[in-house]
Amino acid sequence: MTEQKKIDIPIMADLHSKGKKPEYLFWVGCAGAYDDRYKKVTRAFAKILTYFDVDYAVLGTEETCTGDPARRAGNEMLFQMQAMQVIETFKNYDIKKIITICPHCFNTFKNEYPDFGGNYEVIHHTRFINQLLEAHPGKVNADILKKYNIAYHDPCYLGRANGEYDAPREVISKVASKTLEIDPHKSNALCCGAGGAQMFKEAEPGDREVYDMRTEQALATGADVVATACPFCMTMITDGLKLQKKEDKVKNYDIAELVAMALGI
């Protein structure tokens with residue numbers, strides 16, 4: 001990554017007080033706000049939005065949780081309370097379009113909030129980035145990442161749950177000279193092991209952790225970089241690289257980070 005530079009991230013309430021209404025809400029998510037590693041992904045995506053002069057804002061301290069972990073863990077009442085609270089916040093700002101960097105937030109907004117009257121155009125950041133790069137060709141410098149062979153791990157809630165396999169791969173193909181496929185991939189890809197609130201509980205009984213198996217499959221490609229597009233996948237693959245003692249040789253980057261690097265920002 002290039003050296004971090006100060007970027008001014010617009011806050012929805014500040015713009016609202018000035019009578020402005022941004023086109024997009026950038027929903028940061030729990031990991032993007034609190035996890036030190038994933039904060040770098042938030043920063044990279046914010047840089048990309050700023051670079052392309054996207055009209056967006058974040059909720060800042062008004063952002064809570066979508067309720068996804070509560071529902072996956074079986075606490076339906078907490079999920080519904082959380083969902084209704086978030087929907088009311090969105091009503092205050094007349095939010096219509098949401099960009100997420102987390103496939104779990106993406107899935108919840110897109111497929112579950114409509115049951116409570118929350119209907120939005122929801123876009124995962126990989127698709128949004130792909131649209132930006134297609135609308136502004138020639139911006140990335142593929143030479144910056146040419147030394148890397150990049151393999152992409154499909155997040156379950158982006159791939160199997162929502163059928164999004166192409167956008168992340170199209171983005172990687174625009175910034176890398178060589179891309180690799182992990183076997184198995186797309187609808188047959190192995191889960192990282194953290195989704196469905198598994199991140200927050202003890203591992204199921206067994207002989208081996210799922211993330212270790214998935215990391216081994218990724219390493220078998222010979223990749224220099226394992227690209228991810230989900231905070232849970234990033235945590236698990238990073239842990240897998242450490243377990244396999246490969247963290248010094250093989251890096252784990254989110255697609256937003258790769259694009260920020262290729263843009264030189």
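**Exercise 1. Pairing around β4**

Task: In this predicted model, identify the residue of β4 that stands opposite K97, then place β4 in its sheet.

Solution.
- Step 1. Opposite K97 stands E121, a residue of β4.
- Step 2. The partner strand of β4 (residues 121-124) is β3, and the two pair in the parallel sense over four bridges.
- Step 3. A further pair of facing residues is T100 and H124, the latter in β4.
- Step 4. On its other side β3 (residues 97-100) is joined to β1 (residues 24-27) by three bridges, and these two strands also run parallel.
- Step 5. In that pairing, L25 is found opposite I98 of β3.
- Step 6. The full order is β2-β1-β3-β4, an open sheet of four strands with parallel pairing.
- Step 7. β4 is an edge strand, as is β2 (56-57); each of them pairs on one side only.

**Exercise 2. A helix on the first sheet**

Task: Which strands does α7 touch, and what angle does its direction make with that of β4?

Solution.
- Step 1. Helix α7 covers residues 125-135 and packs on the sheet.
- Step 2. The strands touched by α7 are β1, β3 and β4.
- Step 3. The direction of α7 makes about 85° with that of β4.

**Exercise 3. The sheet that contains β6**

Task: Give the strand order of the open sheet that contains β6, and find the residue of β6 opposite Y152.

Solution.
- Step 1. The order is β6-β5-β7-β8, with four strands in parallel pairing.
- Step 2. Its edges are β6 (178-181) and β8 (251-254), each pairing on one side only.
- Step 3. Ignoring direction, neighbouring strands of this sheet are turned by 35° against each other on average.
- Step 4. Four bridges hold the parallel pair of β5 (residues 149-152) and β6.
- Step 5. Y152 stands opposite E181 in β6.
- Step 6. Helix α11 (residues 255-263) lies across β5, β7 (225-228) and β8, and runs at about 90° to β8.

**Exercise 4. Backbone geometry between β6 and α9**

Task: Where is P184 found, and is the peptide bond from D183 to P184 cis or trans?

Solution.
- Step 1. P184 belongs to the loop between β6 and α9.
- Step 2. Omega for the bond from D183 to P184 is near 5°, and the bond is cis.
- Step 3. K186 is also placed in the loop between β6 and α9.
- Step 4. Phi of K186 is near 50°, a positive value in a residue other than glycine.

**Exercise 5. Packing of α9 and α10**

Task: Why are α9 and α10 described as roughly perpendicular to each other?

Solution.
- Step 1. Two packed helices are described by the angle between their axes and by the distance between those axes.
- Step 2. The axes of α9 (residues 210-219) and α10 (residues 231-243) come within 8 Å and cross at roughly 75°.
- Step 3. Angles of 65 to 115 degrees count as roughly perpendicular, and α9 and α10 are therefore assigned to that class.
- Step 4. α9 contributes Y211, D212, R214, T215 and L219, which meet M236, I237, D239, G240, L241 and L243 of α10.
- Step 5. By class, this contact has six nonpolar, two polar and three charged residues.

**Exercise 6. The largest pocket**

Task: How many residues line the largest pocket, and which element gives the most to the lining?

Solution.
- Step 1. The volume of the largest pocket is about 390 Å³.
- Step 2. The lining has 18 residues; V28, G32, A33, T42 and G60 lie nearest the centre of the pocket.
- Step 3. Two elements give two or more residues to the lining, α2 (29-34) and α3 (36-51).
- Step 4. α2 gives the most, with five residues.
- Step 5. By class, the lining divides into 10 nonpolar, five polar and three charged residues.

Methods. Residues numbered from 1 in each chain as written. Predicted model: local features only at pLDDT ≥ 70, side-chain atom pairs only at ≥ 80, totals over all residues. Heavy atoms only, no water. Axes fitted to C-alpha atoms, helices over the stretch in contact; angles between N-to-C directions. Parallel < 35°, antiparallel > 145°, perpendicular 65-115°, else oblique. Contact = heavy atoms within 4.5 Å. Nonpolar A, V, L, I, M, F, W, Y, C, P; charged D, E, K, R; others polar. 1 Å grid on protein atoms, 1.4 Å probe; cavity = no way out; pocket = protein on both sides within 12 Å on 5 of 7 lines; lining within 4 Å. Points joined across faces, edges and corners; volume = space filled by probe spheres on them. Pairing = 2+ DSSP bridges.
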